[in-house]
Amino acid sequence: MSKPIKPKSRLSADHRVIARILELSHGDKKPSEKKLDLCSKVFSNAGGSWYDFFEGKPHTVKLLKRVILAVDMKEKLDAKKKGRLDDE
């Protein structure tokens with residue numbers, strides 16, 4: 001008897017990859033769809049190719065990780081700024 005197949009929680013492969021990197025490297029277990037979309041768009045706009053990523057090309061993998069880090073840091077900085085502005 002085989003194990004039941006679990007449906008994917010994310011519809012697209014790019015969102016699954018980005019969500020997994022955020023979970024493992026940044027501790028973000030439930031990133032928003034908005035954050036995943038932003039990471040994917042920034043990656044593509046920076047010259048990243050999902051084809052190259054899934055082929056395992058190192059420069060593309062590195063680019064994706066750098067994009068995710070930048071988006072995550074910007075989100076955290078924006079949250080800090082918002083918190084400071086709310087306190088004033």
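Which residues in the largest nonpolar core touch the most other members? Keep that in mind as we walk through this predicted model.

**Stop 1: the whole chain**

Start by showing the chain as a cartoon. You should find four helices and zero strands, so follow the sequence from its start and read off the pattern α-α-α-α. Now colour by burial: of the chain's 88 residues, 28% count as buried.

**Stop 2: the nonpolar core**

Time to return to the opening question. Select V17, I18, W50, L64 and I68, and show their side chains: within the largest nonpolar core, which has 14 residues, these five touch the most other members. To see where the core comes from, highlight α1 (13-26), α2, α3 (50-55) and α4, each of which supplies at least two of its residues. Give α1 its own colour, as this helix contributes the most to the core, with five residues.

**Stop 3: helix α2**

Next, select residues 33-45, which make up α2. This helix has 13 residues. If you use the distance tool from its first C-alpha to its last, look for a reach of 18 Å, close to the 18 Å expected at 1.5 Å a residue.

Now pick out K35, L36, C39, S40 and F43, the buried residues of α2. Turn the view until you look down the helix axis. Why do these residues share a side of α2? They cover an arc of only 135 degrees around the axis, and that puts them on the same side of the helix.

Add K34, K41 and N45 in another colour. These are exposed, and they sit on the other side of α2.

Before leaving, step just past the end of the helix to G47. There the backbone takes a positive phi of about 95 degrees.

**Stop 4: the largest pocket**

Finally, select S32, K34, K35, L38, V42, A70, V71, K74, E75 and D78, which line the largest pocket. Two elements give two or more residues each to this lining: α2 (33-45) and α4 (58-87). Which of the elements gives the most to the lining? That is α4, with five residues.

Turn on a surface to view the pocket, whose volume is about 240 Å³. Then colour the lining by residue class: you will see four nonpolar, one polar and five charged residues.

For a last look, keep K34 and K35 selected. Both line the largest pocket, yet K35 is among the buried residues of α2, whereas K34 is exposed.

Definitions and conventions: Residues numbered from 1 in each chain as written. Predicted model: local features only at pLDDT ≥ 70, side-chain atom pairs only at ≥ 80, totals over all residues. Heavy atoms only, no water. 1 Å grid on protein atoms, 1.4 Å probe; cavity = no way out; pocket = protein on both sides within 12 Å on 5 of 7 lines; lining within 4 Å. Points joined across faces, edges and corners; volume = space filled by probe spheres on them. Nonpolar A, V, L, I, M, F, W, Y, C, P; charged D, E, K, R; others polar. Expected span 1.5 Å × (residues − 1). Buried < 20%, exposed > 50% of the residue type's maximum accessible area, 1.4 Å probe, protein only. Arc of directions from axis to C-beta. Core = buried A, V, L, I, M, F, W, Y, C linked by side-chain atoms within 4.5 Å.
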